[in-house]
Amino acid sequence: MLTTVSDKGQVVIPVEIRRRLGITPGCQLDFSLEGHVIHAEVKRQVTQTTAEDGFGMLVCTRPGKRRLADFDVALAMRETKDDRP
């Protein structure tokens with residue numbers, strides 16, 4: 001499979017290879033050079049997550065009835081950060 005190097009030294013790994021090796025965004029590749037041959041080894045694979053995996057990460061302890069439409073994630077994260085010592 002032939003690919004072209006960009007001006008920044010970047011290449012696109014063909015989709016067939018990415019699928020076969022499970023290479024997804026965030027994976028790390030370890031490059032080594034042996035003569036004129038470049039080897040790339042997948043070092044870390046990122047497991048795919050779903051929205052349900054994040055359930056319960058943000059908890060509102062304020063009393064009263066709450067609706068999801070009223071919830072501001074960015075504000076809740078700032079408030080949590082401000083509460084830390």
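Met77 is located in helix α2, which spans residues 73–83; helices are DSSP runs of H or I of at least four residues and strands are E runs of at least two, both numbered from the N terminus. The structure is a predicted model, in which local features need pLDDT of at least 70 and side-chain atom pairs count only at pLDDT 80 or more, while totals for chains, interfaces and linings use all residues. Residues are numbered from 1 along each chain as its sequence is written, and side-chain values use heavy atoms, with hydrogens and water left out.

With a relative accessible area of 51%, Met77 is exposed, where exposed denotes over 50%, buried under 20% and partly exposed the range in between (1.4 Å probe, protein chains only). Met77 contributes to a nonpolar surface patch of about 650 Å², together with Met57, Leu58, Leu68, Phe71 and Val73. Patches comprise residues with over 30% relative accessible area and no salt bridge, like charges being joined within 9 Å and nonpolar side chains (Val, Leu, Ile, Met, Phe, Trp, Tyr) within 5 Å. Accessible areas come from the Shrake-Rupley method with a 1.4 Å probe, and for residues only the protein chains shown count as cover.

The protein contains two helices and two strands, arranged from the N terminus in the order α-β-β-α. Of its 85 residues, 5% count as buried.

The second largest pocket encloses about 320 Å³ of space. On a 1 Å grid over the protein atoms alone, a pocket is an open set of points where a 1.4 Å probe fits, with protein on both sides within 12 Å along at least five of seven lines, and lining residues have an atom within 4 Å of a point. Grid points are joined across faces, edges and corners, and the volume is the space filled by probe spheres set on the points. The lining of this pocket consists of 14 residues, of which Val11, Ile13, Leu29, Phe31 and Ala40 lie nearest the centre. Elements giving two or more residues to this lining are α1 (15–21), β1 (28–34) and β2 (37–44), and β2 gives the most, with four residues. By class, twelve lining residues are nonpolar, two are polar and none is charged; Ala, Val, Leu, Ile, Met, Phe, Trp, Tyr, Cys and Pro count as nonpolar, Asp, Glu, Lys and Arg as charged, and the others, Gly among them, as polar.

One salt bridge is present in the structure, defined as a side-chain nitrogen of Lys or Arg within 4 Å of a carboxyl oxygen of Asp or Glu. This contact joins the side chains of Glu41 and Lys43 at 3.8 Å, N to O. Glu41 is partly exposed at 44% relative accessible area, whereas Lys43, at 51%, counts as exposed. Lys43 belongs to strand β2 and lies 10.0 Å from Phe31, C-alpha to C-alpha, at a sequence separation of twelve residues. Glu41 is 9.7 Å from Leu21 by the C-alpha positions, the two being 20 residues apart in sequence. Leu21 lies in helix α1 and is partly exposed, with a relative accessible area of 42%.
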